[in-house]
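I opened my notebook to look up how the helices and sheets are put together here. Here are my entries, in the order I made them.

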Amino acid sequence: MSEIKKTVLSIVLLYVLSTIVFLGILFGNWYFGEITALKSQSFLVAQKLSKRVFRVLQKEGKYARYVKTKEAQKALLQSIAFDMGRQIMVFDEKGSVVFNNTRFSPFMIPNQEGIFIIGHHLVLNSYGSPDFLTRESRSKSLNQKWKNGAFRIVIDGGNIDRFLWQLSLKVWGLFVVLIVSVGCVSFFLVRLSLRPLGQKIKELNRFIKDTTHEINTPLSILQMSVERLNASKIPEGERKKLHYIQAASKTLENIYHSLVYTSFGNLEREIKTIDMQELLMERLDFFSFYFEQKHFEIIPHLSQIFLLADSKAMTLVIDNLLSNAIKYTPKNGKIEVILEQEEKDFVLRVRDNGIGIQEDHLKRIFDRYERFDSSSGGFGLGLNIVKKICDEFHIEIDVQSEYGKGSEFVLRWKNEELNSMI
Ligand code: ADP
């Protein structure tokens with residue numbers, strides 16, 4: 001997936017996620033608000049009903065003679081429930097059930113007054129006392145008794161499954177429609193706003209690719225001409241300049257190969273058996289001018305090891321590690337190149353006693369365009385290329401470094417990945 005597509009997707013994803021949170025809060029409030037509204041509406045209705053029950057109980061008692069016997073209360077409540085077409089449960093002032101024709105057992109009803117949803121049913125729980133006891137009675141002690149231990153009436157407000165289902169459908173439906181619309185709109189908006197940027201990146205990539213192509217011919221001519229120059233025919237005083245031209249053309253070649261790899265990706269690989277010892281000697285020779293220039297001590301410990309690999313890719317890896325060791329090691333430094341077998345693995349170590357790498361930089365060392373030292377030239381591409389090639393050929397790469405003391409890059413061909421033996 002291209003970088004632009006990834007950016008578009010991450011922006012849209014972030015936008016949609018934040019909208020989900022925002023709308024979630026809004027729609028959640030709506031959903032629970034509707035339920036609360038239904039509850040309070042039902043509470044009023046149910047309270048009216050419970051008052052009616054008390055009134056009937058009162059009237060039957062012909063005021064001041066409240067229906068007192070349990071049997072009479074029960075019979076009366078049964079006829080009230082039947083008359084109202086309601087399911088009710090009534091507790092007396094001592095908390096024992098007088099009458100119950102609901103589907104609930106008394107233990108399922110909470111003690112506090114209010115409206116609850118129990119088993120998809122709205123259930124009202126209200127306390128009350130007959131009017132004549134609280135308002136008309138002169139007897140204070142009796143009045144107090146009723147206030148403390150009033151009758152409790154539980155009314156089944158009916159099944160609200162259908163209501164909940166319709167509400168969920170309405171809320172979720174609108175929520176999904178809004179999220180999908182926001183997702184679509186943001187996708188097109190982000191794409192539209194990033195289009196000019198994408199165009200510029202495409203143009204830049206094309207420019208780099210074209211330039212890389214164009215560099216090829218003059219670079220080859222330069223290298224061929226420098227190689228063919230007969231150094232002995234050049235006056236002694238001018239020879240140093242020739243060496244500089246040679247070194248500069250080698251640096252250019254190095255940069256050119258890195259650019260080709262980054263611009264064109266994995267070119268066709270030619271996998272064949274490579275004598276790694278020979279390749280390393282050749283590359284050390286390639287950089288010999290720089291070693292001499294900086295008065296480096298070069299210590300090669302190279303065992304003869306053959307590997308199945310692509311020689312151009314391996315050259316790119318070795319060149320990048322060596323040129324980094326050269327760049328980031330001060331004059332009179334030391335570079336060790338070790339190729340050896342460790343148990344069943346083959347290992348290449350490029351070790352220097354240069355400036356080293358800070359610990360927090362080590363994690364990002366293989367990222368593209370990451371550079372931690374701007375005193376020497378470079379694009380921050382080298383180690384990224386090295387890592388990509390290592391991943392392609394299943395080579396383990398590790399770096400150990402101590403800031404101010406030096407660095408060691410370790411490449412390991414694990415036994416199980418090896419295609420060839422010594
Ligand atoms: P470049 O060398 O072009 O900057 P690289 O990708 O090759 O890019 O390296 C990235 C960074 O890692 C460098 O800028 C440098 O800070 C650090 N680095 C790489 N190799 C070494 C080394 N041998 N010693 C110290 N620092 C190094």
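**Entry: α6 and α9**

I began with a helix pair: α6 passes α9 in a left-handed crossing. I kept in mind that this is a predicted model. The axes of α6 and α9 come within 11 Å and cross at roughly 125°. That angle makes α6 oblique to α9.

Which residues meet there? From α6 I noted Asn254, His257, Ser258 and Tyr261, and from α9 Leu316, Asp319, Asn320 and Ser323. I sorted the residues of this contact by class and wrote down two nonpolar, five polar and one charged.

**Entry: α6 and α11**

Next I followed α6 (residues 236–264) to helix α11 (residues 382–392), where the axes come within 11 Å and cross at roughly 60°. These two helices are therefore oblique to each other. I read the crossing of α6 past α11 as left-handed.

On the α6 side, I listed Ser258, Tyr261 and Thr262 as making the contact, and on the α11 side Ile385, Lys388, Ile389 and Glu392. By class, I have three nonpolar, two polar and two charged residues for the contact of α6 with α11. I went back to my α9 list and found Ser258 and Tyr261 of α6 there too.

**Entry: what α11 buries**

Which residues of α11 are buried? I found Gly382, Leu383, Asn384, Ile385, Val386, Ile389 and Cys390. Ile385 and Ile389 were already in my notes, as part of the contact with α6. I then looked for what covers the buried residues of α11, and the cover includes α6, α9, β11 and β12. Just past the helix I checked the backbone: α11 is followed by histidine 394, whose phi is positive, near 55°.

**Entry: the mixed sheet**

β11 and β12 sent me to their sheet, an open one of five strands in the order β7-β9-β10-β12-β11, with mixed pairing. Why is one side of β7 and of β11 left without a neighbour in the sheet? β7 (297–302) and β11 (396–402) stand at the edges and each has a single partner strand, so one side of each stays free of a neighbour in the sheet. I noted an average twist of 10° from one strand to the next.

I looked more closely at β11 with strand β12 (residues 406–413): they pair in the antiparallel sense over seven bridges. Within that pair, valine 399 stands opposite phenylalanine 409 in β12.

Helix α9 came up again here. Its residues 311–327 lie across β9 (334–342), β10 (345–352) and β12, and the helix runs at about 30° to β10.

**Entry: two positive phi values**

I stopped at asparagine 332, which is not a glycine yet has a positive phi of about 65°. Asparagine 332 is found in the loop between α9 and β9. Is asparagine 332 buried or exposed? At 60% relative accessibility, asparagine 332 counts as exposed.

Glutamate 343 also went on my list: not a glycine, with a positive phi of about 55°. I placed glutamate 343 in the loop between β9 and β10. Its relative accessible area is 77%, so glutamate 343 is exposed.

**Entry: the antiparallel sheet**

I turned to another open sheet of five strands, with the order β2-β1-β5-β4-β3 and antiparallel pairing. Which strands stand at its edges? They are β2 (97–100) and β3 (114–118), each with a single partner strand, so one side of each has no neighbour in the sheet. The twist here averages 15° from one strand to the next.

I followed strand β4 (residues 121–128) along strand β5 (residues 151–159) and noted antiparallel pairing over seven bridges. In this pair serine 126 stands opposite isoleucine 153 in β5.

This sheet has a helix across it as well: α2 (residues 70–84) lies across β1 (88–91), β2 and β5, running at about 30° to β2.

**Entry: lysine 70**

My last stop was lysine 70, in helix α2. With a relative accessible area of 37%, lysine 70 is partly exposed. What does lysine 70 contact, leaving aside its neighbours within four places in sequence? I wrote down Asp92, Ser96 and Val98. I also checked phenylalanine 99: 29 residues separate lysine 70 from it in sequence, and the C-alpha to C-alpha distance is 9.3 Å.

How values were computed. Residues are numbered from 1 along each chain as its sequence is written. This is a predicted model: local features need pLDDT of at least 70, side-chain atom pairs count only at pLDDT 80 or more; totals for chains, interfaces and linings use all residues. Side-chain values use heavy atoms; hydrogens and water are left out. Two strands pair if DSSP finds at least two bridges between them. Helices (H or I, at least four residues) and strands (E, at least two) are DSSP runs, numbered from the N terminus. Axes are lines fitted to C-alpha atoms, for helices over the stretch in contact, and angles run from 0 to 180 degrees between N-to-C directions. Contact means heavy atoms within 4.5 Å. Angles under 35 degrees count as roughly parallel, over 145 as roughly antiparallel, 65 to 115 as roughly perpendicular and the rest as oblique. A crossing is left-handed if the near helix is turned anticlockwise from the far one by less than a right angle, and right-handed if clockwise. Ala, Val, Leu, Ile, Met, Phe, Trp, Tyr, Cys and Pro count as nonpolar, Asp, Glu, Lys and Arg as charged, and the others, Gly among them, as polar. Buried means under 20% relative accessible area, exposed over 50%, partly exposed in between (1.4 Å probe, protein chains only).
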